[in-house]
Amino acid sequence: MGKRRGGRELLRSLSKKQKKHLREFGEEHPFYDNGAGAPLWYQADLRSEDSDKSSAESDSETEVEQVSGYHKLLATLKTSPESESEEEEDESESEEAEESEAEMDSEGSQEIGEAEGGEEDKKDVTEEEEATDTAEQMLSQEQADGTDTSCDPRHGVIEEFTDVKHESEFSLETNFMEEESGDCNADRKDSNPFKQHMDKELEEKEIEKMSTLPKTSSQSQWPRLGQVIFSSTLEKQKSLKADKEVDVKQLHLHKPLESTWPKVNKQFLSAVDKPTDCFFTPLQRELFCVMNCYRDLFYPESNALTNGEEIRHAYCLHALNHVLKANAQVLSNNAKRRDRKPGTDTDDHRDQGLTRPKVLMIVPFRECALRVVHILISLLEGNDKKKIDVSNKKRFKGEFGSDPEEKPPNLKRPEDYEAVFAGNIDDHFRIGVAILQKSMRLYAPFYSSDIIIASPLGIRTVIGAEGEKKRDFDFLSSIEILIIDQADIYLMQNWEHVLHLMKHINLLPLDSHGVDFSRVRMLNLNNWSKYYRQTLLFSALQDPQINSVFNKHCFNYTGQVAVRNVPLTGSISHVVVQLPHVFRRLEADSVTAVIDARFQFFIDKVLPEYRDAIMSHTLIYVPSYFDYVRLRNYFKKEDLNFTPICEYTKKAAVCRARRFFLKGEKQFLLFTERFHFYKRYTIKGIRNLIFYELPTYSHFYSEICNMLKATDNGVDATWTCTVLYSKYDAQKLAAVVGIDRTAQMLQSKKNVHLFVTGEN
């Protein structure tokens, strides 16, 4: 009985986007407090990670994950009451036990008491059947109300909602340039960066050189970006210089953008103390200088709280400028081909790729996609009087906007957390955008789109895997600008999706898709698209995996520009409790060997020091889920007194674990970084800290250390903090202790003891 009652109440408590995620994956997003078992797609991707990691660690996983409550909820909708009557009583008792445990965990604290308690339902079987009918009606009613169910796995085949009504209106092949849309002759000037980049004809020798020879690099100091590294394989590439002032005519913006950009960007200009120009902030000016030269860019200091929106406006301007120029060139040539004399050679009109999509934007959440589209619309409109026609705008706002009925939890979180998880945080989406002169078409089919906005998971499910019958990546064949924003968040989602995308971009398509080969550029026919693609990579941190994508998957012939500023102080200076920090160095022969070396070092030299009962209240911070599973299984094998918390732990289990750890009933608490990223709970009762590996986000180090002040019981002198590191953790170490201390620690093979107070 409790099962039916719980299923009905749980379904009603979900918001629209939570229900959509439930239908697509059979579970809730890890962000939400209800928790769930590890999703199937994540488990599959964990098995497909780096072979060295998987062979060393994933074999150690022996515990079977429990079936999530959401899978049980779906089971009540799919199976008949007769088939589940045998198991109903046992499951009901277990769920009611969890609910009662969650009630016991409240302790008068707003955070520890987040689990919802439930009353026992003592009604008869007829009410259970009514609950099932009600749940089914609620789901069917949502589908009738227009909620997109095309991605529901129960339908078998994933079908995209696309706008097919406006196909001819937004077709590049059947439209012509309007006289008032802009001066196309301006695009023919040799100084135009778009024409210079796309019309450059590379030779076979240059392609061979870029494929075989290493890159040469130089560095420069820019006023706002700081230390900038220029790298290129071709010898003739010149280093850029930061412009102190910007002449809008030299930017070669498409006609409407010259007037709309200052109005759209006004909010950021007003925040500058002494603006040097009326178009860009100092940061935007230097970033756009690199973008407009069509060089690859890696900027690892993008922060959602401070400069994220400022950067987003800059790359949206660049992407829209590129699309408008490319489409204007096609429409202008359409008119020329229409008016040409019979028998005239048309080889000069090669102005297209093998497929239409030109720009691919990868963003983490629907809220980010919503903001991008709003910026694009604002850049095309300029003011309230000059409105453009936007197809399917209402549907877009409904699916990508926030649910007005959903109330944010009444919990205090850090400002950066609130900035990252603002609005609709669904991470499974993709949408095509077509732009033609004075109109914009949302939900355009990919092969009729100019811009594709997607999350890594959303694009991965379209690309598919080898062996799948329905997969498609031809639309990525002619991408000319790839923008990956907030790349650090993908480390917390699934970095494998980003790597999968990079392996399938700019490949020759398997089908022609109705292309006119007489209009296709030779660079595309020669399969040289990747050498012309510009990649813009923005992140909040420098990480080896992000660096690897920029160094190994960016082949732009114009070269690469990377910002490489070193941290001077480190996040350890933000630790406000008096705490001795012991940094213990471990040795390893290679990056892959360090995984096993760290585990062996931990169980042989670190863990024995904490086995004594006097070293209770020990929190072990584990960034990698692989390492977490390995440690969890080892602790179970050794019968240690511990409790684990990861991103897939149910809410009630989290509350119990926090209560046991606070009261000292469990000596160790295994704690994953992804759980901290999605929840930011304050863990009380910590006396001893062990960082199994340095955090991905440097400010997580000070956040975890400052949790010790949450339980002020006069035992400050017994607090300890131990950090494991190797020579391969140089970037993470510098972000925590600063560049000067890092250099000393890497030179010395001895353990380093630091005593930090709030003044350090």
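Student: How many of the eleven residues of helix 13 are buried, and how should that term be read?

Tutor: A residue is called buried when its relative accessible area is under 20%, exposed when it is over 50%, and partly exposed in between, with a 1.4 Å probe and protein chains only. Ten of the eleven residues of helix 13 are buried, so this helix is largely enclosed by the rest of the structure. Among them are Leu-283, Gln-284, Arg-285, Glu-286 and Leu-287. Please note that this is a predicted model, in which local features need pLDDT of at least 70 and side-chain atom pairs count only at pLDDT 80 or more, while totals for chains, interfaces and linings use all residues. Residues are numbered from 1 along each chain as its sequence is written, and side-chain values use heavy atoms, with hydrogens and water left out.

Student: What does Gln-284 touch?

Tutor: A contact means heavy atoms within 4.5 Å. Gln-284 lies in helix 13 and is buried, at 0% relative accessible area. Leaving aside residues up to four places away in sequence, Gln-284 touches Trp-261, Asn-265, Phe-268, Phe-279, Glu-310, His-313 and Ala-314.

Student: How are helices and strands identified, and how many of each does the protein have?

Tutor: Both are DSSP runs numbered from the N terminus: helices are H or I with at least four residues, and strands are E with at least two. The protein has 29 helices and 18 strands. Of its 760 residues, 56% count as buried. Among contacts between residues at least 6 apart in sequence, 78% join residues at least 24 apart.

Student: Which residue with a positive phi follows helix 13?

Tutor: Helix 13 is followed by Tyr-294, with a phi near 60°. Tyr-294 is not a glycine, and it sits in the loop between helix 13 (282–292) and strand 3 (296–299). Its relative accessibility is 2%, so Tyr-294 counts as buried. His-617, also a residue other than glycine, has a positive phi near 55°. His-617 belongs to the loop between helix 23 and strand 13 (618–622) and is buried, at 6% relative accessible area.

Student: In what order do the strands of the eleven-stranded sheet lie?

Tutor: Two strands pair if DSSP finds at least two bridges between them. Here an open sheet of eleven strands has the order 1-2-11-3-10-9-4-8-6-7-5, and its pairing is mixed. Strand 1 (216–222) and strand 5 (389–391) are the edge strands, each pairing on one side only. Axes are lines fitted to C-alpha atoms, for helices over the stretch in contact, and angles run from 0 to 180 degrees between N-to-C directions. With direction ignored, neighbouring strands of this sheet are turned by 15° against each other on average.

Student: Which strands pair with strand 4?

Tutor: Strand 4 (residues 359–362) pairs with strand 8 (residues 451–454) in the parallel sense over four bridges, and Ile-362 stands opposite Ala-454 there. Four bridges also join strand 4 to strand 9 (residues 481–484), again running parallel; Val-359 stands opposite Ile-481 in that strand. The side chains of strand 4 alternate: Val-359 and Met-361 point one way, Leu-360 and Ile-362 the other way, and all are buried.

Student: How many bridges join strand 3 to strand 10, and which helix packs on the sheet there?

Tutor: Strand 3 and strand 10 (residues 534–538) run parallel and are joined by three bridges. Phe-298 has Leu-537 of strand 10 as its bridge partner. Helix 22 (residues 544–552) packs on the sheet, touching strand 3, strand 10 and strand 11 (560–563), and its direction makes about 170° with that of strand 3.

Student: At what angle do helix 23 and helix 24 pack?

Tutor: Two packed helices are described by the angle between their axes and the distance between the axes. Helix 23 (residues 593–606) and helix 24 (residues 625–637) pack at about 35°, with their axes 12 Å apart. Ile-595, Asp-596, Phe-599, Phe-602 and Ile-603 in helix 23 meet Asp-627, Arg-630, Leu-631, Tyr-634 and Phe-635 in helix 24.

Student: Over which residues does the pLDDT stay under 50?

Tutor: The pLDDT is the predictor's confidence in each residue, from 0 to 100. The protein averages 79, and 69% of the residues score at least 70. Over residues 34–158 the pLDDT stays under 50, and the model has 216 contacts beyond four places in sequence for them. The pLDDT is also below 50 over residues 180–189, a stretch with 17 contacts beyond near neighbours in sequence.
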